[in-house]
Amino acid sequence: MEPNIEIVAERMLAAMVAEELSARIAEVIEDRDRCSLLLAGGTTPGAIYRRLARPPFVSDIPWEKLILFWGDERWVSQSSSQSNYYMVQETLLAELGDNQPMVVPVATSLSSPEEGALDYERRIREQGYCVQGFSPPFDIALLGVGEDGHIASLFPNSRALGEMERLCVSCDQPGTGQPRVTMTLAALRASERIYFIIRGESKAEVVDQLFQGVGSSEALPARFFLGEVGSRVTWFLDSQAGARLRMTTGEK
Ligand code: 6PG
C-alpha cells in the first residue's frame, strides 16, 4: 500500500491542509451532523488553524457542530505559551467570535499528569467517542511528526506505544523530562481519517527515514501509520520537508 503523500510549496501547505480539512468536515457533518477533530500541537499547525479562521473556511465550516480534542498536551497551565491549548486558543478559537466549536482540552489544573490522562479518557467517552474500546473513533486526527519520528507525545521506544487498552496516558518528554498527557497509538490509529502535516528542512531526514521503511516502528513511531492503516492517512509535506522525495503538487 503506497502512502498518500502530497508535497506542496511551503507557502501552499496551510491552504492545502485547510482545504482538505474543510471538505472532510463537511462530509462528516453531512453524514453525522457532528464532527470530532483531534488537534495537533507544536509549531507547524498554527498556520493551518489561522487559515481555518479566515475566509472562506471560517464561514464554510459549521463550527458549532465540531468538537475539538487534543492529541497531546504539555503539563503546563492553559495560559502558558508552551500549552497546545493556548496555541489553538490564540490561532483559532480567539478568531471565531460567537461561532465556537465545543472544545475538550486536557485539564492540566488537576493534581498530576496521570490524573489528567484518566480524566481526559473519561471526558472523551462522555462525548460519545471510543465508548466501546476505540469505537466510535475520532472522525479526523491532525498529527505532526518530530525530528525523532514521534507523534503526539509518543516518543521512540516509549512504553506508551504498546498500550492497547487506554485512550490516554501520561509520559515525560525525553531529554527535558517535561510531563505530558498523550493519546495512545491505538486511539490515534483508530481515527477514521488521519492527516499528517510536516514542514521545514529540519524534517527532511526523518521524512526520508520514514518512507524508506528501514528500522522498527517503535524507533520511529510515525511509521505505525504506514501499511494497512495508510489508506486512511494523508501526509502533507512542504517542499523542504519532502526535499528528498519527489514533488507531486505545487511549484516544480
Ligand atoms: C507537541 C506536538 C508534537 C508535534 C511534533 C512536531 O505537543 O509538541 O503534539 O507531537 O506535533 O513535535 O512539532 P513541530 O510542528 O513543532 O515541528
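**View 1. F196 and W235, both buried, make a stacked ring pair**. Buried here means under 20% relative accessible area, with exposed over 50% and partly exposed in between (1.4 Å probe, protein chains only). This is a predicted model, so local features need pLDDT of at least 70 and side-chain atom pairs count only at pLDDT 80 or more, while totals for chains, interfaces and linings use all residues. Residues are numbered from 1 along each chain as its sequence is written, and side-chain values use heavy atoms, with hydrogens and water left out.

Rings of Phe, Tyr and Trp (its six-membered ring) pair if their centres lie within 6.5 Å; planes under 30 degrees apart count as stacked, over 60 as edge-to-face and the rest as tilted. That rule gives 8 aromatic pairs. One of them is W70 with Y85, a tilted pair at 5.6 Å centre to centre and 50° between the planes. W70 belongs to strand β3 (residues 66-70) and Y85 to helix α4, 15 residues apart. Helices (H or I, at least four residues) and strands (E, at least two) are DSSP runs, numbered from the N terminus. W70 counts as buried because its relative accessibility is 1%, and Y85 is buried too, at 15%. Back to the title pair: F196 and W235 sit 4.0 Å centre to centre, with 10° between the planes. F196 is in strand β9 and W235 in strand β10 (residues 233-238), so this pair ties together parts 39 residues apart in sequence. Ring pairs also bring F211 and F225 into a cluster with F196 and W235.

**View 2. Helix α1 along its length**. Helix α1 covers residues 13-32, and its 20 residues should span 28 Å at 1.5 Å a residue (taken times one less than the number of residues). The end C-alpha atoms are 28 Å apart, which agrees. Among the buried residues of α1 are L13, V17, L21, I25 and I29. Just past the helix, D33 takes a positive phi of about 65°.

**View 3. R24 reaches E192 through a salt bridge**. We call it a salt bridge when a side-chain nitrogen of Lys or Arg is within 4 Å of a carboxyl oxygen of Asp or Glu; the count comes to 15. For R24 and E192 the N to O distance is 3.4 Å. R24 is in helix α1 and E192 in the loop between α6 (185-189) and β9 (193-198), 168 residues apart. R24 counts as buried because its relative accessibility is 11%, whereas E192 is partly exposed at 26%.

**View 4. E126 and R122 pair up within helix α5**. Their salt bridge is 2.6 Å, N to O. The two are 4 residues apart in helix α5 (residues 113-126), so about one helical turn separates them. E126 is exposed at 54% relative accessibility, and R122 is partly exposed at 43%. Elsewhere, salt bridges that share partners join R24, E27, D31, R32, D139 and E192 into one network.

**View 5. The largest pocket**. A pocket is an open set of points on a 1 Å grid over the protein atoms alone, where a 1.4 Å probe fits, with protein on both sides within 12 Å along at least five of seven lines; lining residues have an atom within 4 Å of a point. This one has a volume of about 400 Å³ (the space filled by probe spheres set on the points, which are joined across faces, edges and corners). Its lining has 25 residues, with G41, G42, T43, R74 and H150 nearest the centre. Elements giving two or more residues to that lining are β4 (72-74), α4 (84-91) and β6 (140-143).
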